[in-house]
Amino acid sequence: MLLSCTGTVSAKEIMVGPGYGNTTITAALANASNGDIITVTDGTYTENVDVAKEVTIRSQNGPSNTNIKASSSSDHIFYVNVDNVTISGFNITGASGSLKAGIYLDGASGCTLTNNTASNNTYGIFLYSNSDNNTLTGNTASNNSDYGIYLYSSDSNTFTNNTASNNSNYGIYLYYNSDNNTLTNNTAINNSDHGIRLDYSASNTLTNNTASDNNYGILLYHSDSNTLTGNIMSQNDYNLYISGSSLTDYLNDIDTSNLVNSKPVYYLTNSSDAVVPSNAGVVYAINCTNVSMQDINITNEYGGVLFYETDNSTIENATISECYGGIGLSYSASNTLTGNTANDNNYGIILESSASNTLTGNTASNNSGRGIYLYSNSASNTLTGNTASNNSDYGIYLSSSASNTLTDNTAMNNTRYGMYFSSSDNNTLTSNDANYNGRYGIYLSSSNNNTLTDNVASYNTYTYIEPASMSVGSIVEPMDISGGPATGIFIGYSDYNVLNGNTANYNEGSNGVLMASNSNAVSPNVDMGSDYSCGFSLYRSENTTLTGNTAIGNDDYEFYSRSSTNCTIDNLEIDTGSMELSFVPIYDGTAIRSNETISTGPSGKANVNGYLDIGLLEDMNMTIFYDDSGMSSSIESSVTLYKLNGNEWVAVPNATLNTSGNFVSVNLDSGVSVDIASIADHTSTYGLFRNVPSSSSRPDDDGVRASVSQGQNPAIVSNSASSVKRITGGSEVNYDFSDSGTPVLGVSFDAKDDKGLVVAKVQVLSSTPEGVPSASGNSYQMMSIDVGSEGTISSDSADNVMIHFKVSKQWIEENNIDLSTIRMTRYHGEQWNDLPTTQENEDGEYFYFYAETPGFSIFEVVGDEIGETSEQDAASTSVTEEVEEPVEEKETKDTPGFTILAGIMFVSFAVLVRKR
């Protein structure tokens, strides 16, 4: 008994508060010994407490009655640097200085923190550097300006039933080698950034925690060998995010008991032949093979589906939205993505360092960044038939990615670029559509040996983006290749590219910013010129070849090059099928455009194939091709190249006619005699002219092109096609749209008058234009059809004006449509007017029709359901639009003479078909 008494020292309780000897905790600590209990009565205590003894500090009646406020906001409120301290039951506020906390453990172990509320501090509770084996239970860390609960390099701690809410950064944060900690039944809610985040921390166990209404729910960054079980993540912007830079970083144990928005997490590691169910809330496949999934629907994840070092797997018909990255492949090969939709994310589909994957028929649209993004040596991938449209940045973007094949993809209506290639070589682009983008259709920067064939980059229109700072570019012509105006296809700092059969028409708009060159001898000034909106533009690019490309109707120039060497342009079509040019652009600058404003010519001469403006800063050889159709040999031999000097046309000397090759070759004199010049100041107008036979009664072709129509708002255009023809009186004109992908197969008519070059445009509309009511009947498709500007072609200027179109049999069957009621109707004169419509033939998929129209505007193909035809006829407000104007009387089926009229229409139609 004596030994027991002398070997045991009983802990004493020291009271703090009014009426006791100690009115502050600090005073009580001065009187305490290791093992003592300091009990704090109700009240508010303003002090910063340094705890250097192994004691228990507790409130008498909990945090709602006992407040500890910082005396100095630039210090911790409770600073603990010894082991085995217990702090319990306090409301702790006011440590708002940099890196200061309500409770701060500095290398302290074996401590217990329970039932405390730490709010309005920088950090609520902070365990710093080797603060190990501590227990935190039932604490609340809220409304702190940085982290709620923060571990730095601290191991083997146990967190249970804590709440971290409304903090301005993270709720619970384990950072830098904070390993082997256990987090159970904690709640991280309404934090501005992450609910629970682990950085560079391994072998932690997270069980039954809740992370909701944060920016990120649970994030593991460069953190491996962690175990997550039964955690609930919901209503976060991104629920679960696992990220790293090596395979090891991703090797965590996360099972399907974890839920994101009430759906299971599928986190596969080292698996083969796994099938992911369609109810997955998020999918990670790490170091897997032959994983398959289809018909999954995922939202609110950082990455909806992520493959990391996963090969030979498939993703099919997945719908991923409201994620940062919809579908991601990282260091993954030979995977197949088919028919997936990755819309309304930041990035739609991302490939990082991933090769030999196949992407077919996917849609990545309406994303706030890029639609489809390949970067960091993503090589030898095949992209076919994908759509990347209406993205706020780029449609398809390749960065440092080579030898990819892109075919039949659509990149339209993107805010900046349709298709962008940066430092990406040996790619093949074929039959892609890059139209209606806010700046460039297709853009190559520092990208070599690419092949572009049969792509279309048209109707791109400049959209203002905050300009970059001015840079210096060439002593001749200013150009900001990082910004610039709308251009169909741009090649900058890129060599040995080949462009064949591409189309870059009707690109328009520029920023009007004047740029300077990079010569040390020149500084920015308004005499340097401006950027240009072009069909094709080359800048500082070598050994590039363009063959058989088309550039028509662009705002400034059809072709423009600067500071580019050894490039070859062959058979560039700039006006009609016969206005083709071949030339080698000069280094200092070459600019070429068709001229639609000239209507004069040399006396007694007829223009052959339009007019062109050529801007040169050095002399240049050029070949101008023409079509000799309808020319006699004597007339053809009179073909001569003229230049417009002021108001006078002058034959160009040293021009050589080759009638067997149908071209004129010439060395063009730039006339530039100064070192610094603007190409706009050295642009001249040229044209080929021929003799007019004295017996000819036809008017001379003046080469004037009817203006192209403005068209509809691009936001409601889902597809479009255009075709260009030169219209002469007495000729049959056929515009062929059979390969356009629109319901319209062609437009034809017999022209009465010469109209020059006329553009026919078909735009398929996704919604009704403003102010246009719905037509009567079930709608198959609404479209805008224009031939030239308004009124260029109508029944006054042409006969037998026909629209050839097709209707899907599947649509007819699914909508129970009476075939005999299918018709085309035209919106004109503020009402819908049914057109005479005749069925021509059919095949396995479509019925084919002709409709005769007196003019062009908005059209809709409609039909009536079987059994409802009579009711709709009675209720219809549409009228039948006659094809001859004016008309004195309309006839219907019940009107005498209808049968005769129908017979005449049938005979006329038969004659038309025979003529075609």
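In this predicted model, strand E16, covering residues 149-152, runs parallel to strand E19, residues 172-175, and four bridges hook the two together. Within this pairing, Leu-151 sits opposite Leu-174 of E19. E19 also pairs with strand E22 (residues 194-199), again through four bridges and in the parallel sense. Here Tyr-175 is the residue that faces Asp-199 in E22.

Further along the chain, the pairing turns antiparallel: five strands make up an open sheet, and reading across it gives the order E68-E69-E72-E76-E75. The edges belong to strand E68 (732-736) and strand E75 (837-842); each has a single partner strand, so one side of each goes without a neighbour in the sheet. Leaving direction aside, neighbouring strands in this sheet are turned by 20° against each other on average. For the edge strand E68, the partner is strand E69 (residues 744-751), and the two are joined in antiparallel fashion by five bridges. Across that pairing, Glu-732 ends up opposite Asp-750 of E69.

Two asparagines are worth a look for their backbone angles. Asn-317 is not a glycine, yet its phi is positive, near 55°. Asn-317 belongs to the loop that links strand E37 (314-316) with strand E38 (319-321). Its relative accessibility comes out at 35%, and because partly exposed covers the range between 20% and 50%, Asn-317 falls into that class. Asn-654 likewise has a positive phi, of about 65°, without being a glycine. The loop in question for Asn-654 is the one between strand E63 (648-651) and strand E64 (656-658). With a relative accessible area of 69%, Asn-654 counts as exposed, since the cut-off for that class is over 50%.

As for how far the model can be trusted residue by residue, the pLDDT averages 87 over the protein, and 86% of the residues score at least 70. Some stretches do fall well short of that cut-off. Residues 1-8 stay under 50 throughout, and in the model they make zero contacts beyond four places in sequence. Residues 512-530 also have a pLDDT below 50, but this stretch has 50 contacts in the model beyond near neighbours in sequence.

Key: Residues are numbered from 1 along each chain as its sequence is written. This is a predicted model: local features need pLDDT of at least 70, side-chain atom pairs count only at pLDDT 80 or more; totals for chains, interfaces and linings use all residues. Side-chain values use heavy atoms; hydrogens and water are left out. Two strands pair if DSSP finds at least two bridges between them. Axes are lines fitted to C-alpha atoms, for helices over the stretch in contact, and angles run from 0 to 180 degrees between N-to-C directions. pLDDT is the predictor's confidence in each residue, from 0 to 100. Contact means heavy atoms within 4.5 Å. Buried means under 20% relative accessible area, exposed over 50%, partly exposed in between (1.4 Å probe, protein chains only).
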